[in-house]
Structure formats: C-alpha cells, structure tokens
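Please walk through the model shown below with its backbone and ligand displayed. The account starts from one strand pairing and works outward.

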Amino acid sequence: MSEQNEQGTTAAGGDALVEQDHAAKAAEAAEAPPVTPATPATPAATGVVPVAVEKYRPAVVADADGIAQAAQLLMQGGVVAFPTETVYGLGADAANAEAVARIFKIKKRPQTHPLIVHIPDASHLERWAVDIPDTARRLVGRYWPGPLTLVLRRAEGVSDLLTGGQDTIALRVAAHPVPEALLKAMSEGDDGQRRIGIAAPSANRFGRISPTTAAHVIADLGNDADLVLDGGACEVGIESTIVDFSRGEPVVLRPGRISAQDIAALIGVEPGVPDAADVTAPRVSGSLAAHYAPRAKLRMMKRTAMIDALSTHKGQRIAALALEVNMPRLAPGLVVVVPAVASRYAHTLYANLRALDAAGADIILVETPPGSPAWAGVHDRLSRAAAATPDKPPKVEKAEKIEQVERVEKVDEVENP
Ligand code: TXA
Ligand code: MG
C-alpha cells in the first residue's frame, strides 16, 4: 500500500488513492478551489531535486526572524527567493534598478522579458497602472490576493526594466503570508504615492521548471540569491493565470488555477487567447512553445499509447506520470501515480517532473489529463514541456528489460518521507 507525501503525491498507486480521489473529484466539481495560504514556518523543504543541494548555504525558515532578515535584505538592494501560493519567486525591490538587474542576471533571462511586480493590495493599482477597466477591477475584487496576474497599461515613469520596454506592467497580489509580510515591511512610512513592489519572476533559470520548494530553488540557483526563504511546498504548484487588460478585451496570456471559464463567469465576457500572428501583442516568455522543461524528454499520450511506448522506447530509461492507476511493468521509482483532480495534479506537477529527472529518466510518458477547463493550466505546462524536449536518438543502444530497472531510492524519499 502506498503512502501520500506532503505534496499529495502517491507512489505506485493503490486502492486508497482511488478512494481519496473520488472524494476529491466531488470537491473539484464546484470551481477553482480557494487558495489556502500556507503556514510560513513549515520546516524543511520537500521534494527530490536533480542535484545535491548540501554544498550550498541552506534556506532560512520563513518564520518572523527569517522574514525580517529577508525584508532587510530587499530594502538594501538584495535579491531574495521566497514562497508564494503558486511557485517560488526571485524577488528584488521593484524601485531599485540595480537589484532588479540582478534578477535578470541570476535567471539568465533576456532583458526584454518583463517581470511581474508583487504589490501589497489592490489599492496600489493606480500607482503602477492607468486605464484600468472595470472588468479588471471585478476580477481583482474576487481573486486578489490569489493566483492572478493582470497586465495593464503602465503609469508614467514605471521603469523599462520591469516592463521589458513595453508600455504595459504585470501586477499581482499573492495569497501568501510571506510576500504579504515582506511588502508590509517595505511599506513602512508609505506616503500614499510611492511605488511599493517586489519584482519577482519564478526562481528558476530561464526556460526551466519553476520551483515549488526551497530545495528546488537552491538546486537551480545555488547561492546566487542572497537568501532563500523556506515556506514549505507551494499550494497551487503552477504559475499564476495572466490576463492582459491593456488592449480592450481581456486575453488570457497564461492559464493557471483560475481558468478562462472562471473569468468569463465573473465578468460576463469570454476572454480571448493570444494572437500568435500579432507582433504588437504583449510578450510573455512563459508563452514560448518551448518552456517549463524537465531534462528528460516528455511525451503526453493516452494510457494505451503509453503501454505501446514501453516497447517503442526500449533501451531508454522510461518514467511515467499515470493517472490514478499504476503503470504495469515500470519500476516503482520511475512511476508517479497522480490524482485525476486538477488542483492536486498541479500542486505536485513540477516536483514530480524534478523527481523523475533525478531518477535519471530519459523519457517521461505522461498520461493525457482530462480536457475540462480546470485542467487548462496543467495542459499548457505539459504541452510546453513536450515542445521543449524534442526527439533525440536513444542514449542506450541495447534493449534493457524494463522490469529490471532498479528502484531509485531518492524518488522513494519523496514518495514516502
Ligand atoms: O505565479 C507567478 O506568476 C509567479 C510567482 C513568483 O508570482 N511568477 C512568475 O513570473 O511566474 P515569471 O516572470 O516567471 O512569469 C511571468 C510571465 C512571463 O512570461 C512574462 O513574460 C510575463 O509574465 N509578463 C510580465 N510582464 C508582462 C507584460 N507587461 N506583458 C505581458 N507579459 C508579461
Ligand atoms: Mg517563470
């Protein structure tokens, strides 16, 4: 019988999982579940990471002392990685150009790719943006704090560094006590005018999977950030939904926990999708076809095709993300059974991909998740991961018996901590 880990992933399937999922499915039927802010002081990060992190300076627990230290660093121009309800962010004081420039350097991100600025609350919108439509305000009223980013026309004087030289700015209020506390500290002495914000993209190197634990951040960035705050595993697990309101009708630039249908239900307008042919449209690096990539090749397919693929890809180290039911003939260390509930699937998605990378997978077969609106964010990330990992010739020439792939202890740790 398998056990659930802290992130809700289950090793090697089992009846208990299926029962849990029946209950969870009923819960999901309603709508996008509300985001419960994580406890800031959750100890020790979870999740297997592809490289050893012991050699690096450890993360600091996001308790009151840790947060105070991080706030101090931010205000002095430091770069701090911190948890949000979606993924970990790599933050700098949005008003400090030098600190913001370091984010691009650390991430190895092109300067033309704009950043999301985390602000204290919706009352700060006007300091950063102009021409804010009512529909945007209604969305914010319902979903902030929460996994929603708005792209709006920037106010005069908002730095090109934050916007990638575009005339728009991405703003978000995260539903997490850590950014909330950091922004509160930075708001001290607020005169009602000052632009208070933390510029924070996801805390990974450009093009790779976003981190959902502090250990993931350190595995990606080593000691490049001045401090990594450990607030435990992120609840949502995929990045925020980005809605562009800068060009009249809303357009979903990146789907997330909040779906286009959730938005339509609230504002009465079906949001559009980005027009790939429109070169004047806002640029989103997360919308590049090849983004959010694990190291292994990733392929999405139906279960029957997965079974066939076991023979097709003989000689490669095959791993699988299977829905609810275990994949026969694959070593337990190379199979992760994921719940068929979008919010729970997303919560563990990146940790699972990292764990399978760490287990040395050459190819990850992903059972195609359901197609309902709640799954749009997950589909988006999986499609991009597949696009980012094109076919390569198999590394091993000789067929290896899949049954004999040894169990990989590190994955075991994730699944049964
Ligand atoms: O959940 C999240 O949004 C996380 C957490 C840390 O807040 N942040 C995040 O940031 O995912 P990042 O930089 O990894 O992704 C933000 C995306 C990028 O693809 C960027 O191009 C896009 O937002 N973006 C930022 N400003 C924009 C703008 N003015 N117009 C269009 N897209 C923009
Ligand atoms: Mg990112």
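In this predicted model, Thr149 stands opposite Ile242, a residue of strand β11. That pair belongs to the pairing of β7 with β11 (residues 241-244), which is parallel and held by four bridges. Strand β7 has other partners as well. Over five bridges β7 pairs with β8, in the antiparallel sense, and there Leu150 has Leu171 of β8 as its bridge partner. Strand β6 is also antiparallel to β7, joined to it by two bridges; Ala129 is matched with Arg154 of β7.

How many of the seven residues of β7 are buried? Six are, so the strand is largely enclosed by the rest of the structure. In a regular strand, side chains point alternately to one face of the sheet and the other.

Two features of the backbone lie in loops next to these elements. The peptide bond from Trp144 to Pro145 is cis, with omega near -5°. Pro145 sits in the loop that runs between α5 (134-143) and β7 (148-154). On the other side of α5, the loop between β6 (129-130) and α5 contains Asp131. The phi of Asp131 is near 55°, a positive value in a residue other than glycine. Most peptide bonds are trans, and most residues other than glycine have a negative phi. Is Asp131 buried or exposed? Asp131 has 12 other C-beta atoms within 10 Å, so it counts as exposed, the limit for that class being 12 or fewer.

The ligand can be taken next. The shell around ligand 1 has 29 residues, of which Thr86, Gly89, Pro114, Ala170 and Pro201 come nearest. The elements that give two or more residues to this shell are β7 and β8 (168-172). The largest share, four residues, comes from β8. By class, the shell around ligand 1 divides into 14 nonpolar residues, twelve polar and three charged.

Ala170, one of the residues that come nearest to ligand 1, is also touched by Val117. With residues up to four places away in sequence left out, the other contacts of Val117 are Ala94, Trp128, Leu162, Ile169, Leu171, Gly197 and Ala199. Leu171 has already appeared as the bridge partner of Leu150.

Val117 leads on to the interior. The largest nonpolar core has 120 residues, and those with the most contacts inside it are Val117, Ala320 and Ile364. Helix α11 (residues 342-358) gives the most to this core, with ten residues. At least three residues of the core come from each of domain 1 (10-30 + 290-415) and domain 2 (60-286). In soluble globular proteins, nonpolar side chains tend to be buried together.

Two buried strand residues show how separate parts of the chain meet. Ile198 is in strand β9 (residues 198-199). Ile198 counts as buried because 28 other C-beta atoms lie within 10 Å. Although Ile198 and Ala92 are 106 residues apart in sequence, their C-alpha atoms are 5.4 Å apart in space. Leaving aside neighbours within four places in sequence, the contacts of Ile198 include Gly91, Ala92, Asp93 and Ala94, and also Leu74, His118, Pro179, Leu182 and Leu183. Ala94 is also among the contacts of Val117.

The second residue, Ala322, is found in strand β14. With 20 C-beta neighbours inside 10 Å, Ala322 counts as buried, because the class begins at 20. Beyond residues up to four places away in sequence, Ala322 touches Met327, Val335, Val337 and Glu367. Ala322 and Thr368 are 46 residues apart in sequence, and 8.6 Å separates their C-alpha atoms.

The loop between β14 (318-323) and β15 (335-338) holds Glu324. Its phi is near 60°, again positive in a residue other than glycine. Glu324 counts as partly exposed, because it has 18 C-beta neighbours inside 10 Å.

For the protein overall, there are 13 helices and 16 strands. Of its 417 residues, 53% count as buried. Among contacts in the protein with a separation of 6 or more, 74% are between residues 24 or more positions apart. The pair Ile198 and Ala92, with their places 106 residues apart in sequence as given above, is an example of such a separation.

Terms used: Residues numbered from 1 in each chain as written. Chains lettered and ligands numbered in written order. Predicted model: local features only at pLDDT ≥ 70, side-chain atom pairs only at ≥ 80, totals over all residues. Contact = placed C-beta atoms within 7 Å. Core = buried A, V, L, I, M, F, W, Y, C linked by C-beta atoms within 7 Å. Domains from an automatic or database assignment. Near = placed C-beta within 6 Å. Nonpolar A, V, L, I, M, F, W, Y, C, P; charged D, E, K, R; others polar. Pairing = 2+ DSSP bridges.
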